[in-house]
Amino acid sequence: MIRTRILLAGAVVAAIALFYILDLGHFLSLDYLNEQMTQLQSRVESNPAVTATAFFLVYVIATGLSLPGAAILTLASGALFGLWWGTLLVSFASTIGATLAFLTARFLLRTFVERRFRYRLDAINRGINKDGLLYLFTLRLVPVFPFFVINLVMGVTRMRVLPYYLISQAGMLPATLIYVNAGTQLGRVDSLGGILSPTLLGSFVLLGLFPLLARWTVSLIQARRIYKGWPRPRRFDRNLVVIGAGSAGLVSAYIAATVRASVTLIERERMGGDCLNTGCVPSKALIRTARFLSDVKRAKEFGVHTASAEFDFGEVMDRIQTVIREIAPHDSVERYTALGVDCVAGDARITSPWTVEVGGRVITTRSIVIATGARPLVPPIPGLAEVDYLTSDTLWGLRELPKRLVVLGGGPVGSELTQCFARLGSQVTQVEMAPRLLMREDREVSNLLRARFEAEGVRVLTSHRAIEIKRQDNASILVCEHNGEQVHIAFDRILVAVGRTPNTEGFGLQELGVPVTDRGTIAVDDYLQTRFPNIYACGDVVGPYQFTHTAAHQAWFASVNALFSVFRRFKVDYSVIPWATFTEPEVARVGLNEQEAEAQGIACEITRYGIDDLDRAIADSAAQGFVKVLTEPGRDRILGVTIVGEHAGELITEYITAMKHRIGMNKILGTIHIYPTLSEANKFAAGEWKKAHAPEGALRLLGRMHQWRRGKSAASRGEARAS
């Protein structure tokens, strides 16, 4: 295959080179065509079939090799064969030639481009699959765009050949007709520029815009059909109604108020949603206490002979509520009311695309943002409902430390809480159905975390599927299946942390006919619109990432599109999504990791720096973990980063910024990092990348130059002294 590519590339290059060396372009000029017209016409009259075939082949070769002169050949077709035969010949010859150029680019370049730029090309291919034919047709209609560029660029995408051929033939036909018709009056044509006057070019541009305008018109008609049967209010109480006051809802309301829109925010429970009340904030407060207790146990590592800590579990949990109360004003009704948001407590119900009912009050609104979040997923395990199970929602009401705790789930939430309760003194058994913890991360991350958990006394059971819970001898027993055998685990309390399910019921979606996906999330498009163009959704109720910061990120797009879509819409951007698992060591990631790159067939280089070599980590007795960076082959562009270690969630911010703003490893290496800090790990990882890309040939030449500058005599004296 490689040999064939080389031969084909050589043939193409040789043909193009001969075209210029032999000055064949001279035969494709307007002057030459006018001079030879009488002779060419006589050949057509004497042998029309042979002449037409030869002309057809020349046209195919010229367009297939992207040679200049297609416009002259098109004029010639009109002069020699007339309007209809000339149009027929050129239409098929140009399309066949364009398709050959398309296939040549695909054969020679696509593998290379996909290996080197796969991460970027995936997004382009998704767009091609969705709207590629429409945009190809538009580009073909406008002869301002160089057609040979279109052939080459489309060749490296995943567009199918037959649709490319058919759309190209249809799209190029109007311009072909104009040029062929001009060729029938060849003597009056002074220059190619005269054929396409500004007026005619403007007409082509309008023609090119026609498919887009048609698509917009179709969308408008479809929207009217969707809204059929729903009476639209003559005036609106609000520009925006937001349902749900978690991270996504709060940001949506904040943005609307900032741009002076009239907005109502409806929340049925507590402002701040899961993050403030049952998720991020309380879990991090618990992690801090558990971390302190772990440090006390490690006192000897810090040169302290003895250290101990007494605590009351109930007081630990009370502290968590104190932390929540201290942060709550940031998300409070008072704060948002002061910002200009109409905050309403109650159960919202969408009664039409433009009306929301809450507490007997009907609010009319131009747009709606659904931000109802998600709740812990409870699997249908027989006997689970009879044992007063815990979830990340109900856990915070505990005031007595479980002696024996089973944690169902090896994801981020399950892993964070597993380590916390083990450090607080529970005998923790972590049960995960998958073959390892944190399945979204690389295997070495899972292995490192498992080793740490087991060193801290956690019993980690992977590849164990929970099948039932039963009572036996006055004890609760979790029965699991592992390698075809049953495993029995006794416990006092069980914590279910196997994921979250979106809140999509109970507020009118089903009655409105808003569809949900197979994952149970609300179905939205790239602009976060639901089936109804004025109803948007964001946050955990949409996914695909159930993180507080991603919900806030989506909220910007949802609220801005809801308020300003009449002027401009923005596609939600998932290109740089980071996250962290706050175990010890922390696990942070942005972009691709090694297992995803391998699964998707994305070529990449892997650079690894071990944090056990970092001065500050050694000084802090935290010398474990690594920085792993994936880059494009031969380039310093970052595709993804995984960091495991102390404060990994903070360290990864530098790489998030680098990926967002296209900063490569060279610039990270050239940035001063304070010594001694953990952030130096990022610079040292960049240094490892640079070492792997050192120009060895140039360095050898430099070595010789430095030796020459020392002089022969100096080298001789050194050798004499050595002897």
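**View 1. Helix 3 (residues 48-64) holds 17 residues and reaches 24 Å from its first C-alpha to its last.** That span is close to the 24 Å expected at 1.5 Å a residue, where the expected value is 1.5 Å times one less than the number of residues in the helix. Welcome to a predicted model, in which local features need pLDDT of at least 70, side-chain atom pairs count only at pLDDT 80 or more, and totals for chains, interfaces and linings use all residues. Residues are numbered from 1 along each chain as its sequence is written, and side-chain values use heavy atoms, with hydrogens and water left out. Helices (H or I, at least four residues) and strands (E, at least two) are DSSP runs, numbered from the N terminus. The buried residues of helix 3 include Thr 51, Phe 55, Tyr 59 and Val 60; here buried means under 20% relative accessible area, exposed means over 50%, and partly exposed lies in between (1.4 Å probe, protein chains only). After the helix comes Ser 66, with a positive phi near 60°.

**View 2. Helix 14 (residues 412-424) is mostly covered.** Of its 13 residues, 11 are buried. Among them are the charged residues Glu 416 and Arg 423, along with Leu 417, Phe 421 and Leu 424. From first C-alpha to last, helix 14 reaches 19 Å, close to the 18 Å expected. Gly 425 follows helix 14 and has a positive phi, near 120°.

**View 3. Arg 298 takes part in salt bridges with Glu 301 and with Glu 584.** A salt bridge is a side-chain nitrogen of Lys or Arg within 4 Å of a carboxyl oxygen of Asp or Glu. In the pair with Glu 301, the closest N and O atoms are 2.9 Å apart; in the pair with Glu 584, the N to O distance is 3.8 Å. The Arg 298 and Glu 584 pair links distant parts of the chain, 286 residues apart. Arg 298 sits in the loop between helix 11 (280-297) and helix 12 (313-327), while Glu 584 sits in the loop between strand 17 (578-581) and strand 18 (586-591). Arg 298 is buried because its relative accessible area is 15%, and Glu 584 is buried at 6%. Glu 301, at 48%, counts as partly exposed. Zoom out a little and these residues belong to a network of salt bridges that also includes Arg 291, Asp 295, Arg 423, Arg 452, Glu 456 and Glu 646.

**View 4. Arg 616 and Asp 620 meet in a salt bridge.** Their side chains come to 2.9 Å, N to O. Arg 616 is partly exposed, with a relative accessible area of 32%, and Asp 620 is also partly exposed, at 27%. The count for the model comes to 31 salt bridges.

**View 5. Two cis peptide bonds precede prolines, at Pro 544 and Pro 676.** Most peptide bonds are trans. Gly 543 and Pro 544 are joined with omega about 0°, and Pro 544 is placed in the loop between strand 16 (535-537) and helix 17 (548-564). From Tyr 675 to Pro 676, omega is near -10°. Pro 676 lies in the loop between helix 22 (665-669) and helix 23 (680-692).

**View 6. Ser 463 and Leu 528 show positive phi values.** Most residues other than glycine have a negative phi. For Ser 463, phi is near 55°; this serine is in the loop between strand 10 (459-462) and strand 11 (465-472). Ser 463 is partly exposed, at 30% relative accessibility. For Leu 528, phi is near 70°, and the residue is found in the loop between helix 16 (509-512) and strand 16. Leu 528 is buried, with a relative accessible area of 0%.

**View 7. Gly 664 and Arg 637 are 27 residues apart along the chain.** Their C-alpha atoms are separated by 4.8 Å. Gly 664 lies in the loop between helix 21 (653-660) and helix 22, and at 8% relative accessibility Gly 664 counts as buried.
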